[in-house]
Amino acid sequence: MSIISLMTDFGIKDGNVGVMKGVIWNISPDAQIADLSHTISPQNVLEASLILARSAPYFPAGSIHLVVVDPGVGTNRRHIAARLGMQYFVGPDNGVISGLLEYAEAEDWTVEIVHTDKRQYWLPKVSHVFHGRDVFAPIAAHLARGVPLYALGTPIHDPVRLSLPKPQTTPSGWQGEVIHIDHFGNISTSIRVENLGYPDHVKVGLRDVIITGLVRTFGERPAGELVALYGSTGNLIISVVNGDAARRLNASVGDQVTVVLGEG
């Protein structure tokens, strides 16, 4: 029995997610499907890449991660499948794999990638606008049934990579950017705990607002207060206790974030 995680920007209104599950179960009836997210911002490949990278390592070995955030559907962009250590990926070659690939390389995982050009593993009729149903879902299902990766297509060594946001040191500390805003309005930045640690004196700046000091939990401050702390993925986040920081600060992905160390 295989696990297939499913992440899309489809939403759940139009039946597309359910149709993909139907295709998978027709080919691999015993597959277990985990809905990772279907509310990725439309066409936001970077957001999908970040969420895939932070989520996939928590799945059992042999899991297949099917990601359909595919603004280039129907063009000459490749469709790929990959083994990254003991995790598998199926989706478009548009950079969505970048974060997980970077993680795999940092952990010295084995990396194998194929262009899934063997049409016998697709549906017989392929739409120009729904490769999630006609190409990616059947490929993931065939993997789940035990078809080896190498049988699905031609090996490649040049997957598309996104330029993932990285923090930079400054004379006074660090400079980063907003990389994600979650359902609660918590603002995640590219600055991580391994960059900053837990300094005694720190000021975090975003959109002309300065937050002094770090907390470890939301409960250390009263409701409504702006705080800075590390999220569950180790990224520095800016939050409002029991509130919505992104709305209060009118923050957006890409906004600059500064960290000043010391008492000055």
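Entry 1, strand pairing. I began by reminding myself that two strands pair if DSSP finds at least two bridges between them. I also noted at the outset that what I am looking at is a predicted model. With that in mind I looked up Ile80 and found that it stands opposite His115 in E6. The two strands concerned, E4 (residues 79–84) and E6 (residues 111–115), run antiparallel and are joined by five bridges. I then followed E6 to its pairing with E7 (residues 154–155), where I found two bridges and again an antiparallel arrangement. Within that pairing, Val114 has Pro155 in E7 as its bridge partner.

Entry 2, helix H4. I turned next to H4, which covers residues 131–144, and I noted that its 14 residues reach 18 Å from the first C-alpha to the last, close to the 20 Å expected at 1.5 Å a residue. Looking along the helix, I found a bend of about 30° at Ala137, with a proline, Pro138, following within four residues. After the helix comes Gly146, and I wrote down that its phi is positive, near 110°. I then asked myself how many residues of H4 are buried. I found 13 of the 14 to be buried, so H4 is largely enclosed by the rest of the structure.

Entry 3, the cores. I looked up the largest nonpolar core, which holds 30 residues, and the members that touch the most others are Ile4, Ile24, Leu66, Val90 and Leu152. Strand E1 (3–8), helix H1 (16–27), strand E3 (64–68) and H4 are the elements that each give two or more residues to this core. H4 provides the largest share, eight residues. I picked Val90 for a closer look and, leaving aside residues up to four places away in sequence, I found that it touches Ile64, Leu66, Ile80, Phe136 and Leu143, among others. Apart from this core lies another, of 21 residues, including Leu206, Ile211, Ala245 and Val259. I added a general reminder from my reading that in soluble globular proteins nonpolar side chains tend to be buried together.

Entry 4, Ser2. I finished with Ser2, which has its place in the segment before E1. Is Ser2 buried or exposed? Its relative accessible area is 18%, and because buried means under 20%, I recorded Ser2 as buried. Not counting residues up to four places away in sequence, Ser2 touches Asp30, Ala31, Gln32 and Ala144. For Ala144 I could add a distance, since its backbone oxygen lies 3.2 Å from a polar atom of the Ser2 side chain.

Notes. Residues numbered from 1 in each chain as written. Predicted model: local features only at pLDDT ≥ 70, side-chain atom pairs only at ≥ 80, totals over all residues. Heavy atoms only, no water. Expected span 1.5 Å × (residues − 1). Bend = angle between axes of the 7 residues up to and from the residue. Buried < 20%, exposed > 50% of the residue type's maximum accessible area, 1.4 Å probe, protein only. Core = buried A, V, L, I, M, F, W, Y, C linked by side-chain atoms within 4.5 Å. Contact = heavy atoms within 4.5 Å. Polar contact = N/O pair within 3.5 Å; in protein donor to acceptor, adjacent residues only side chain to side chain.
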